[in-house]
Amino acid sequence: MVRLYQISTALMFCVLFATQALGSFVFSSSERGNIEIKWNRRVIRVAVSSSVSDTAPNIKKGSNVSEAIKRSLITWERELGVRFQIVSSDTANVSPQGNSGDGISLITAAPTAENLQIFGENAQNLPAMTRIFFDRRGRITEADIVLNPIFQFSTDGSFGTFDLESVLVHEIGHLLGLDHPPISAGVMSSQVARNGLYGMEQTSGRQLSFADLAQLRSVYGNTDRSVECCAEIKGTVTGNERIAKGNVIWLEDAETGRIAGSASVGARGEFSVKGLSSGLYSIYLRTNGEEGSVTDEFVDTIDLTPGESFSMEIVPQNVFAVNTLEFIGAMGQMSNAPVQADPGGELMLLLAGRVEKRSFTIGSSSPYLTIQNDTAIDQNLSERLGMITVGLRIADDIPVGHYSIFIRSSDGSRSYLPGSIVVTGSRETPLLQTLLKN
Ligand SMILES: [Zn+2]
């Protein structure tokens, strides 16, 4: 009884944190339509406004701003086969919306009216934005990044601030023409967390994930000769009731359980995930039910050969998950940002969602993650939300990547939190070595 009481008291402090939506993508010029938006240059010049420094009111004093900028560009450059050239600039303002800008791709943090205007009604919500100009053939001619002057950034993990490098890596992804993927499993996730969430520095957004690389390669091709790329999984989801809005196909590397990519299902049921390296993939279909319930259905495992374009038709089973996961957390906090896990470590995971039928199992499709279901505690957070506390053990040899947790109901239906566990590598050393080489 005493034990239970202590747990209940701890649960009272659980707070649901909304993460911040991150830097949507604003197109200038014409609408995107069906053309592919990309750079067609070998060198992209990026002008850094003098406002982006640790003297800016929204950047913590003493931050290593120039290194954060360099590292965020190198992170993409290494995979891109394009070189970034960094120049300093006295320009403070983002180019206004129109058919063309000033031709200078700018990173700015200046608190000017023009820069605030880009956020529109979302000035209180978005830490950064990128505006892209492109020509009729989809070739990007300019992309400007604005760090929202009303948010605080730092490079040292300071509590309550955003990690400058992670936000820049995300916005540079937009600068390159990339969009938010439907399943968040990497730097192009539409959400960003402040430092201090789950009691951790939120720096996992500094490293590209496998899903980010697939997205990049689907647009720019592959420059890494050690990777056999690029294959595609495409097809159609049939069955009227399942071709609803917001359905998604997502892929796991079948051997590790890491998220490998995702794509939205179109209005006629069509989908395509490109930029994949060869290997074995597990395919899942995510469908939306009533009141935000989400069902993830395992479809098949496919062995992709280099350059293959695998075509498939998916006929969904009409099973809807009784129990659905919506939030994950640790240290008394929950949100939709991934929990960072260390190889060889253990965590008390918090999970929340619609838990209607009390017979369920929490699991992961990764052999590197072990869930201790025998110690699971299940409680009501509100009328709608149930919360589950469960132990998670992480294998010593778990590879870097984004992993998933699921809830399986007694009827076999599943709901996943894809990519909700992130394992990062020792990021400092390799990046610094790259900097010295450059
Ligand atoms: Zn964004």
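1. Leu 351 in this predicted model touches Leu 325, Ile 328, Ile 362, Met 387, Ile 388, Val 390 and Ile 405, leaving aside residues up to four places away in sequence. Leu 351 is also among the residues with the most contacts inside the largest nonpolar core, which has 108 residues. Others named with Leu 351 in this respect include Ile 328 and Ile 405. As background, nonpolar side chains tend to be buried together in soluble globular proteins.

2. Where does Ile 328 stand relative to strand 22? Ile 328 stands opposite Leu 351 in that strand. The pairing behind this is between strand 19 and strand 22 (residues 346-354), which run in the antiparallel sense over five bridges. Strand 19 covers residues 324-330, and five of its seven residues are buried, so the strand is largely enclosed by the rest of the structure.

3. Strand 19 has a further partner, strand 20 (residues 333-335), again in the antiparallel sense, with three bridges. Ala 330 has Gln 333 in strand 20 as its bridge partner. The two strands form a hairpin with two residues between them, and here Met 331 takes a positive phi near 55 degrees.

4. Ile 405, a contact of Leu 351, has Leu 417 in strand 27 as its bridge partner. Strand 26 (residues 401-409) pairs with strand 27 (residues 414-423) in the antiparallel sense over seven bridges. In general, strands of a sheet pair through backbone hydrogen bonds, either parallel or antiparallel.

5. Strands 26 and 27 belong to an open sheet of four strands, in the order 21-27-26-23, with mixed pairing. Why is one side of strand 21 and of strand 23 left without a neighbour in the sheet? Strand 21 (339-340) and strand 23 (360-363) stand at the edges and each has a single partner strand, so one side of each is left without a neighbour there.

6. Helix 5 (residues 210-220) is mostly covered, with 10 of its 11 residues buried. The buried residues include polar or charged names such as Asp 212, Gln 215 and Arg 217, as well as Phe 210, Leu 213 and Leu 216. What covers the buried residues of helix 5? The cover includes helix 2 (65-80), strand 12 (229-237), strand 13 (248-253), strand 14 (259-264), strand 15 (270-277) and strand 26. Just after the helix, Gly 221 takes a positive phi of about 80 degrees.

Notes
Residues numbered from 1 in each chain as written. Predicted model: local features only at pLDDT ≥ 70, side-chain atom pairs only at ≥ 80, totals over all residues. Buried ≥ 20, exposed ≤ 12 C-beta atoms within 10 Å, placed from the backbone. Pairing = 2+ DSSP bridges. Core = buried A, V, L, I, M, F, W, Y, C linked by C-beta atoms within 7 Å. Contact = placed C-beta atoms within 7 Å.
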